[in-house]
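Please open the model in a viewer with secondary structure displayed. The tour below proceeds by selections, each followed by what is found there.

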Amino acid sequence: MGDLLLVRHGETEWSVSGQHTSWTDLPLTQHGEEQAKSLAPLLSSRTFALALASPLSRAIRTAELAGITGVVPDPDLQEWDYGGYEGVTTVDIHRTRPDWFLWNDGVPPGPDGHPGESPEQVGRRADRVLARVDAALPDGDVILAAHGHFLRVLTARRLGLAPADGRLFQLATGTVSRLSTEHDRPVIAEWNTRS
């Protein structure tokens with residue numbers, strides 16, 4: 001049985017500024033590209049039975065620079081749809097909603113095609129991804145290149161927790177995390193690893 005490796009994409013301008021970024025397809029910054037390249041030594045000794053990535057360029061580019069081959073884009077790996085809070089910082093949201101917390105309160109609807117998502121909706125996407133992961137793990141390791149909030153929800157679901165429990169797992173840009181098993185139960189084996 002293989003391990004599940006999670007790669008959060010490298011830094012973007014909005015990850016630096018703290019703006020919520022879901023469907024806006026921002027490129028990596030120069031530092032983000034360096035972060036992605038630095039992951040290659042952590043991954044070079046592994047082969048993957050399945051490699052999936054969010055179709056957004058920041059995730060695809062991170063996978064490419066990290067040396068992950070055979071990556072298949074998967075729309076279920078896209079970031080949490082932030083709806084009307086796309087491009088808005090938490091500081092700005094707190095000016096009008098001082099007690100707002102993404103994991104409890106969700107987001108307001110955005111423009112057409114971006115209604116926003118609740119933690120449970122993101123959790124359903126994560127569960128679909130995990131079903132594909134489980135089918136591939138008997139053949140070896142699986143790697144996912146995606147986004148911070150989505151990967152946090154996916155981790156919660158992998159551990160048998162509610163989607164909103166993803167709030168417990170801070171995830172930095174340009175990192176690799178490894179979910180494994182101990183006594184046939186899912187565990188976090190490594191988190192936020194950089195070379």
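In this predicted model, begin by selecting Leu6 together with Leu144, its bridge partner in β4. Extend the selection to the whole of β1 (residues 4-8) and β4 (residues 141-146): the two strands run parallel and are joined by 5 bridges. Next, display helix α8 (residues 148-158), which packs on the sheet and touches β1, β4, β5 (175-182) and β6. The direction of α8 makes about 160° with that of β1.

Now show every strand of the sheet. Its 6 strands follow the order β3-β2-β4-β1-β5-β6, and the sheet is open, with mixed pairing. Inspect β3 (72-73) and β6 (185-193): each has a single partner strand and stands at an edge, so one side of each is left without a neighbour in the sheet.

Select helix α4 (residues 57-65) next. This helix lies across β1, β2 (48-53), β3 and β4, and runs at about 135° to β4.

Move then to β5 and β6, an antiparallel pair joined by 6 bridges. Here Leu179 has Ile188 as its bridge partner in β6. Which residue of the hairpin takes a positive phi? Select His183, whose phi is near 55°; the hairpin has 2 residues between the strands.

The next stop is the nonpolar interior. Display Leu4, Val142, Leu144, Phe150 and Leu154, which touch the most other members of the largest nonpolar core, a set of 29 residues. At least two residues of this core come from each of β1, β2, α6 (102-105), α7 (119-136), β4 and α8. Which element supplies the largest share? Helix α7 does, with 6 residues.

Centre the view on Phe150 and show its surroundings. Leaving aside residues up to four places away in sequence, Phe150 touches Asp76, Leu77, Gln78, Glu79, Val122, Arg125, Ala126 and Val129. Apart from the largest core lies another, of 12 residues; select Leu5, Ala53, Ala63 and Ala145, which are among them.

Finish at Leu26, in the loop between α1 (13-17) and α2 (30-38). Is this residue buried or exposed? Leu26 has a relative accessibility of 15% and therefore counts as buried, the cut-off being under 20%. Its contacts, not counting residues up to four places away in sequence, are Thr12, Trp14, Thr21, Ser57 and Arg58. As a last selection, take the C-alpha atoms of Leu26 and Arg58: they are separated by 6.5 Å, although the two residues are 32 residues apart along the chain.

Note on methods:
Residues numbered from 1 in each chain as written. Predicted model: local features only at pLDDT ≥ 70, side-chain atom pairs only at ≥ 80, totals over all residues. Heavy atoms only, no water. Pairing = 2+ DSSP bridges. Helix = DSSP H or I, 4+ residues; strand = E, 2+ residues; numbered from the N terminus. Contact = heavy atoms within 4.5 Å. Axes fitted to C-alpha atoms, helices over the stretch in contact; angles between N-to-C directions. Core = buried A, V, L, I, M, F, W, Y, C linked by side-chain atoms within 4.5 Å. Buried < 20%, exposed > 50% of the residue type's maximum accessible area, 1.4 Å probe, protein only.
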